[in-house]
Amino acid sequence: MGTLFYDDARFVLDDRLLAHLQIIISLKLRRGESFFLSWKSSESEAEGRNVIWIDNGVPLRMRFDESETPKINRAWAETLALSANTNNGLVITGESIEPADQPEA
């Protein structure tokens, strides 16, 4: 499990999810676009959801527990990116789309 540090808060998220979020968040912030990021609370937290406003003016850091970058599921990343462009913002969904076969390097 990785950690998303945002301003003075920290959120524990799966490394694989965090790697996908890194792509979308960096793309949006490079374009100067602020947006909401939301997800359902974990089973260990009280039922509900979290929503944060992602903006270039707020310190952001990601810490991954795994040293290797996971393979990126392009279809899932595109689904997440499309949601980031809606009024609801980037809504984290499960990876229900099977990853495409990755060519060997």
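Biologist: Ground rule first: buried means under 20% relative accessible area, exposed means over 50%, and partly exposed is what lies in between. This is a predicted model, so with those cut-offs, is E95 buried, partly exposed or exposed?

Modeller: E95 comes out at 27% relative accessibility. Buried needs under 20% and exposed needs over 50%, so E95 is partly exposed.

Biologist: Which residue does E95 meet in a salt bridge, N to O at 2.7 Å?

Modeller: Look far back along the chain, because E95 sits in the segment after β6 (90–91) and the pair is 79 residues apart. The partner belongs to helix α1 and has a relative accessible area of 21%, so it is partly exposed as well. The residue that meets E95 is R16.

Biologist: How many salt bridges does the structure hold?

Modeller: R16 with E95 is one of them, and R63 with D65 is another, also at 2.7 Å, N to O. In that second pair R63 is at 40% relative accessible area and D65 at 45%, so both are partly exposed. K28 and E33 also form a salt bridge, and the count for the structure is four.

Biologist: In the salt bridge between K28 and E33, which residue counts as buried?

Modeller: The closest N and O atoms of the pair are 2.7 Å apart. E33 has 28% relative accessibility, so it counts as partly exposed. The other partner has 6%, under the 20% cut-off, so the buried one is K28.

Biologist: On to the core: which element supplies the largest share of the largest nonpolar core?

Modeller: This core has 22 residues, and L4, L21, I25, L37, I52, I54 and L90 touch the most other members. Contributors of at least two residues are β1 (2–6), β2 (9–13), α1 (15–30), β3 (35–40), β4 (49–54) and α2 (74–84). The largest share is six residues, and they come from α1.

Biologist: I54 is on that list, so which residue of β3 is its bridge partner?

Modeller: β3 and β4 pair in the antiparallel sense over six bridges. Leaving out residues up to four places away in sequence, I54 touches Y6, I25, L29, S34, F35 and L37. The one that stands as bridge partner to I54 is F35.

Biologist: Along β4, which residues point to the face where side chains are buried?

Modeller: In a regular strand the side chains alternate between the two faces of the sheet. β4 shows that alternation, with R49, V51 and W53 on one face and not buried. The buried ones on the other face are N50, I52 and I54.

Biologist: What is the relative accessible area of S38?

Modeller: S38 belongs to strand β3. Setting aside residues up to four places away in sequence, it touches R49, N50, V51, N88, L90, V91 and I92. S38 is buried, and its relative accessible area is 6%.

Biologist: Which strands stand at the edges of the open three-stranded sheet?

Modeller: The order is β2-β1-β5, with antiparallel pairing. Each edge strand has a single partner strand, so one side of it is left without a neighbour in the sheet. The edge strands are β2 and β5.

Biologist: And what angle does the direction of α1 make with that of β5?

Modeller: Within the sheet, neighbouring strands are turned by 15° against each other on average, direction ignored. α1 packs on the sheet and touches β1, β2 and β5. Its direction against that of β5 makes about 155°.

Definitions and conventions. Residues are numbered from 1 along each chain as its sequence is written. This is a predicted model: local features need pLDDT of at least 70, side-chain atom pairs count only at pLDDT 80 or more; totals for chains, interfaces and linings use all residues. Side-chain values use heavy atoms; hydrogens and water are left out. A nonpolar core is a set of buried Ala, Val, Leu, Ile, Met, Phe, Trp, Tyr and Cys residues joined through side-chain atoms within 4.5 Å. Buried means under 20% relative accessible area, exposed over 50%, partly exposed in between (1.4 Å probe, protein chains only). Helices (H or I, at least four residues) and strands (E, at least two) are DSSP runs, numbered from the N terminus. Contact means heavy atoms within 4.5 Å. A salt bridge is a side-chain nitrogen of Lys or Arg within 4 Å of a carboxyl oxygen of Asp or Glu. Two strands pair if DSSP finds at least two bridges between them. Axes are lines fitted to C-alpha atoms, for helices over the stretch in contact, and angles run from 0 to 180 degrees between N-to-C directions.
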